[in-house]
There are 2 protein chains.
Amino acid sequence: MTYCVGLRLDAGLVMLSDTRTNAGLDNISRFGKMFSWEREGERALVAMTAGSLSITQGVITALNEACARAEAGEDVESVLTCDSLFRAAQLVGDAMAAQQRRYRERLEEAGAGTGASIILGGQRRGGRARLFLIYGAGNFIEATEDTPFFQIGEHKYGKPILDRVIEPSTPLPTALKAAFVSMDSTLRSNLSVGMPLDLAVMEAGSLRVDIRRRMEQDDPEFAKVSGAWGESLRDAFARLPEIVF
Amino acid sequence: MTYCVGLRLDAGLVMLSDTRTNAGLDNISRFGKMFSWEREGERALVAMTAGSLSITQGVITALNEACARAEAGEDVESVLTCDSLFRAAQLVGDAMAAQQRRYRERLEEAGAGTGASIILGGQRRGGRARLFLIYGAGNFIEATEDTPFFQIGEHKYGKPILDRVIEPSTPLPTALKAAFVSMDSTLRSNLSVGMPLDLAVMEAGSLRVDIRRRMEQDDPEFAKVSGAWGESLRDAFARLPEIVF
C-alpha cells in the first residue's frame, strides 16, 4: 500500500509520501511516489500517487512526455504550460483516464485491480496554492477551507491527528509536524507503509518547491518528532483522569 | 460499520463496542452489538459482533436458544455448559458457519455481503481469561501475550494508541482508558461508528461481568476521558520540537 498526505494551508502546501509498494505481501519494493514539475518563479507542482503502480507510472510518464514535447516547441499542453492549476488537474485526470482505458479490461481479466489516485498540489503566478485529489476515473475534487487536506492510500491511522490539528490558518512548521505525526502513526501500525519518505514544501507565493527532501530510516528530524510524539503520547495517556463507575 | 475492541490482560478482560449500524449511508440505525452469558461464580462470556447484522443476530439467537434448551434440561451443548472457553469459541464459530451456509448464496445473488466477525471473551472456573476472534468461516484465533487485543469493524483509527499502550501487564483502569481513547479516535474520524457505547469489564477470576454499562452520548466518564485526551493531544502536539532542515 501507500500513505500520502497533502495539506493546503494559507501559508502554502505540505506534501509527504512513503515509498513502499507491494504486489502481495511477499513482494515489497521501494518506489518514489512523489513527482514535481517546476518553472521557478512561474509555477511549481507536486504530485503523489497511490494504487496500481503500473497505472500511476504511466500517468506520470505521459505528463512528463507532454512537458518535454512542449519544451521542444511542439504545440502540446502540459502541466507546465497550461492556463491554471485546475487545468493541470484536468490534464492529470485525462492521463489517468487514458491509462485506465488502456489497461482496465486486461487487468480485470487477470484479476488485478486498476484502482489509483493522485494528489496534486501547486501554485502558478497570479493564482493561489491549490490542492486536488484525482480519482481513477480522472474526475477530481479540490481542497477547501472546510477540508484543507487530502490523504490517499492507508489514510485511517493518520487521520485523527489531522482532524484535530489542521486548519487553513495552521502555520507551515506546525503543518509539517502534523504530517510527520500522521505518517508516524501510519508507519507504526501498518507494515505496507514504509520509510524512506519524500517531503515537499511549497510556501505560498514562492512559486517553487522550497523543500524537497528524501528522508531515510535514520532521518534525524523525523526521528526527533517521532520520538517526542511517542513520549508525549505516553505522558498524556498517563495523565488521563481515572474512570469512576 | 462498527467498532469493537476487546483487551485480554493479566488483570482481566475489557470489551467496548459502538452501536451504530448502516445499510448504506442513508439508513443508519442503533443496534447493540454486545451480548453476554453469565453463570455467576462459574463462568462469564461476552461477545461483540461486526459485519452483516442479519448474520450476527442469527448467530446470537442460535447461541441463546442452545442456552435455553440446555437450561430446560435438553441434551444440548451451549456456551454456558461447554467444557472450555475454546469449545465456546468453536460453538460460536459453528453457529456462524451455519448462518453463512444458510444465507451466503442468496445474499451473494442479491449483491449483498455476508462478511461478519465476532470477538468472544470470557473465563470459566478453573480456566484463565481468554479472548477469541471468530471469522466468517467459523475459524478463530486467540489473543496471546504478543497480541493481547482484537479489534473488529473500523479498526484502523483506534489502533495506534493500542499498539503503544496495551501489554498483558496493563492494569484494568489503564486498559479501560486505552479502550476509551481508541474508541474516541474512531468516533471522531468515522461517521459509521457512533454512540452510545456498550462496555463490559470482567476481572480475572471474578467469573462474572463486573461492569456492564451502556454509555450514552453525554456519559460523564467517557466525556471526561475524551475531553482530557483531546486537550493533552493538543498540548503534546504544541510541545513537539521544531523541525529544522
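In helix α3 of chain B, D163(B) and K159(B) lie four residues apart, which means that about one helical turn separates them. Their side chains meet in a salt bridge, with 3.0 Å from N to O. D163(B) is partly exposed, at a relative accessible area of 31%. The model is predicted, and this pair is one of the salt bridges found in it. A search of the whole structure gives 36 salt bridges over all chains.

A further pair in chain B joins R213(B) and D219(B). Their side chains form a salt bridge of 3.3 Å, N to O. The two partners fall into separate accessibility classes. R213(B) counts as partly exposed, at 26% relative accessibility. D219(B) is buried, with a relative accessible area of 6%. In chain A, salt bridges with shared partners link E40(A), R208(A) and D210(A) into one network.

The relation between the chains was examined next. Chain B is superposed on chain A by a rotation of 180°, with 0.0 Å of shift along the axis. The RMSD of this superposition is 0.0 Å. Such a relation is that of a two-fold axis. In chain B, the residue that comes closest to the rotation axis is Y157(B), whose C-alpha atom lies at 2.3 Å.

The residue that follows in the numbering, G158(B), sits in the loop between β10 (149-153) and α3 of chain B. G158(B) is buried, and its relative accessible area is 0%. Beyond its neighbours within four places in sequence, G158(B) is in contact with Y3(B), Q151(B), S182(B) and T186(B). The C-alpha atoms of G158(B) and V5(B) are separated by 9.0 Å. Along the chain, these two residues are 153 residues apart.

Attention then turned to the interface. In total, 42 residues of chain B are in contact with 42 residues of chain A. Of the interface residues of chain B, 100% are also interface residues in chain A, so the copies meet through the same surface. The size of an interface is often given as the accessible area lost when the parts come together. Here, the area buried between chain B and chain A is about 4,100 Å². Carbon and sulfur atoms give 67% of that area. On the side of chain B, R164(B), F237(B) and F245(B) lose the most area to chain A. Together, these three residues account for 21% of what that side buries.

Polar and charged pairs also cross the interface. Between chain B and chain A, 14 residue pairs are in polar contact, both residues being at pLDDT 80 or more. Several elements of chain B supply at least two residues each to the side that touches chain A: α3 (159-165), α4 (172-189), β12 (211-215) and α5 (220-238). The element that gives the most is α4(B), with 11 residues. By residue class, this side of chain B divides into 23 nonpolar, six polar and 13 charged residues.

Six salt bridges are counted between chain B and chain A. Side chains of opposite charge can pair when their charged atoms come close. One of the pairs is formed by E242(B) and K177(A), whose closest N and O atoms are 2.8 Å apart. This pair crosses between chains, from helix α4 (residues 172-189) of chain A, which holds K177(A), to the segment after α5 of chain B, which holds E242(B). K177(A) counts as buried, at 5% relative accessibility. E242(B) is partly exposed, with a relative accessible area of 45%.

E242(B) also takes part in the surroundings of E221(A). E221(A) is found in helix α5 (residues 220-238) of chain A. At 10% relative accessibility, E221(A) counts as buried, because the cut-off for that class is under 20%. Neighbours within four places in sequence aside, E221(A) is in contact with F180(A) of chain A. Its contacts in chain B are E242(B), I243(B), V244(B) and F245(B). F245(B) is also one of the three residues of chain B that lose the most area to chain A. Within chain A, a polar contact of 2.9 Å joins the side chains of E221(A) and K224(A).

Technical notes
Residues are numbered from 1 along each chain as its sequence is written. Chains are lettered from A and ligands numbered from 1 in the order in which they are written. This is a predicted model: local features need pLDDT of at least 70, side-chain atom pairs count only at pLDDT 80 or more; totals for chains, interfaces and linings use all residues. Side-chain values use heavy atoms; hydrogens and water are left out. Copies are superposed by least squares on the C-alpha atoms of residues with pLDDT of at least 70 in both. Contact means heavy atoms within 4.5 Å. Buried area is the accessible area (1.4 Å probe) that two parts lose on being put together, summed over both. A salt bridge is a side-chain nitrogen of Lys or Arg within 4 Å of a carboxyl oxygen of Asp or Glu. A polar contact is a pair of N or O atoms within 3.5 Å; within protein, one must be able to donate a hydrogen and the other to accept it, and residues adjacent in sequence count only if both atoms are side-chain atoms. Ala, Val, Leu, Ile, Met, Phe, Trp, Tyr, Cys and Pro count as nonpolar, Asp, Glu, Lys and Arg as charged, and the others, Gly among them, as polar. Buried means under 20% relative accessible area, exposed over 50%, partly exposed in between (1.4 Å probe, protein chains only).
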